[in-house]
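Grab a pencil and work through these exercises with the model open beside you. Try each task yourself before you read the solution.

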Amino acid sequence: MDPIQNPYSPGAGMPPPELAGREQLLAKAAITLERMRVRRPSKSVLLIGLRGVGKTVLLLKMSEYARSRGILVVEVEAPESRSLPAMLAPGLRLAMIRLARESRGRELARRALRGLAGFVGALKVKYQDIEVGLDLDPEPGLADNGDLELDLQALLESVGEACASVGTGLAMFIDELQYVPEDDLAALIVALHRSAQRQLPVTLVGAGLPQLRGRMGRAKSYAERLFDFPEVGPLPPKAAALAITKPAADLGVEYREEALDIIVRESEGYPYFLQEWGKHVWDVAARSPITRRDVRAASESAVAALDESFFMVRFDRLTPSERRYLRAMAEMGPGPHRSGDIAAVLDRSVTSLGPVRAKLVFKGMVWSPGHGDTAFTVPRFDQFMRRIMPGIGWKS
């Protein structure tokens, strides 16, 4: 079939042609955003899930909704090596400049910009990665103590007051939130808590790997009372089937039931994998309806494409010792696995492997679903590790 018309879109954060099975999550986020805008109490939302479940796509849809309702939006993706102030400052500047164009909010928005100038100036020595241009002089005493916890609280208060003056709100969308240092997370939690206490229209919609919930709790013990943590998992079979069949049906293409069953089973319902399988099946099939034979022929190229991109980009970041640790996990299957069992496969002590495991957690490759347990954050990574490091030579 025509590859130019291929409706499937595998890619990092690429919106699928049919966002199936996420209606309740999107509706809940919409309620949170609307309640924030009208200054009603509502918890911030943090999406929790493994790689490939579509968290980034959901953030994008939620931010689009916020914009459509006139809510000011700050969107950032947290890299491993950048501070929270450096990530937020440019977006807050643009939001306040936009608000300052309206006569009702001009003075409070300009005050928030002066607060941002003091915030940046006071923290630039500690956080040298802050780069933002500001035309206004700082307001003495506003967000300029040089203490992130105090200053971010004061800054978001001034931003919230400016938003409230014109009947709108500020929504910060932060992806890969698990990479933000815990001290920075603590400051963000305190600032959001203060805004909530004052009923100011400021909220956070974030996304991260499963370890994010624990990191938020360690940063501030009351975090669980400020945030909802909806889990984003693989799609149930009916939703997974719809994600495949609806885009094809829109182009007059159908699937045999047995062909569809294979795609749903092989992808395990993970949205990214569904898109990858759909793309390769479409390119292999000669005509409608798509058959089991088409899917079988396409599965090999789908797995190869995942190996070359989705899996390999993560494998390339690993040290030899980290690769051996993950290969030992893969030897036992998808997991989760006890730390002692992993150490036994490697013929090492649990204590000696602690630093390796900690680095893998930091890199977002594994997480701990329970005390002493370790699990992959990337679905099917155990299968990939056995393919990329076959045999027994990897142990040495």
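Two strands count as paired if DSSP finds at least two bridges between them. Keep in mind that this is a predicted model.

**Exercise 1. Find the partners of strand 3, and say in which sense each pair runs.**

Step 1: Start with strand 2 (residues 72–77). It pairs with strand 3 in the parallel sense, over six bridges. That clears the cut-off of at least two bridges.

Step 2: Pick out one of these bridges. V73 has A171 in strand 3 as its bridge partner.

Step 3: Now turn to strand 4 (residues 202–208). Five bridges join strand 4 to strand 3, and the two run parallel. For an example, look at M172, whose bridge partner in strand 4 is L204.

**Exercise 2. Work out which way the side chains of strand 3 point, and whether they are buried or exposed.**

Step 1: Recall the general rule. In a regular strand the side chains alternate between the two faces of the sheet.

Step 2: Check the residues. L170, M172 and I174 point one way from strand 3, while A171, F173 and D175 point the other way.

Step 3: Check the cover. Buried means under 20% relative accessible area, and six of the six residues in strand 3 (residues 170–175) pass that test.

**Exercise 3. Describe the open sheet made by three strands, and explain why strand 6 and strand 7 stand at the edges.**

Step 1: Write down the order. The strands are arranged 6-8-7, with antiparallel pairing.

Step 2: Count partners. Strand 6 (337–338) and strand 7 (366–367) each have a single partner strand, so one side of each is left without a neighbour in the sheet.

Step 3: Zoom in on one pair. Two bridges join strand 6 to strand 8 (residues 373–376); in one of them, R338 is matched with D373 of strand 8.

**Exercise 4. Explore the nonpolar cores: which residues of the largest one touch the most other members?**

Step 1: The largest core has 76 residues, and the ones touching the most other members are L47, F173, Y255, L326 and F381. Helix 11 (residues 292–315) gives the largest share of this core, with eight residues.

Step 2: Don't stop there, as a second, separate core has 57 residues, including A112, C163, I189 and L212.

Step 3: Go back to L47 and skip its neighbours within four places in sequence. Its contacts then include L25, L58, M62, A207 and V232.

**Exercise 5. Decide whether S9 is buried or exposed, and find what surrounds it.**

Step 1: Locate S9 in the segment before helix 1 (23–37).

Step 2: Compare its value with the cut-off. S9 has a relative accessible area of 15%, so it is buried.

Step 3: List the contacts beyond four places in sequence: M14, P15, P16, P17 and Q275. With P15 there's a polar detail too, as its backbone oxygen lies 3.0 Å from a polar atom of the S9 side chain.

**Exercise 6. Compare the radius of gyration of the protein with that of a compact globule.**

Step 1: For 396 residues, a compact globule would come out near 21 Å.

Step 2: The protein has 24 Å, which agrees.

Step 3: Add some context. The C-alpha atoms fill a box of roughly 70 × 60 × 35 Å along the principal axes, and 52% of the residues count as buried. The secondary structure comes to 15 helices and eight strands.

How values were computed:
Residues numbered from 1 in each chain as written. Predicted model: local features only at pLDDT ≥ 70, side-chain atom pairs only at ≥ 80, totals over all residues. Heavy atoms only, no water. Core = buried A, V, L, I, M, F, W, Y, C linked by side-chain atoms within 4.5 Å. Buried < 20%, exposed > 50% of the residue type's maximum accessible area, 1.4 Å probe, protein only. Helix = DSSP H or I, 4+ residues; strand = E, 2+ residues; numbered from the N terminus. Contact = heavy atoms within 4.5 Å. Polar contact = N/O pair within 3.5 Å; in protein donor to acceptor, adjacent residues only side chain to side chain. Rg over C-alpha atoms; globule rule 2.2 N^0.38 Å.
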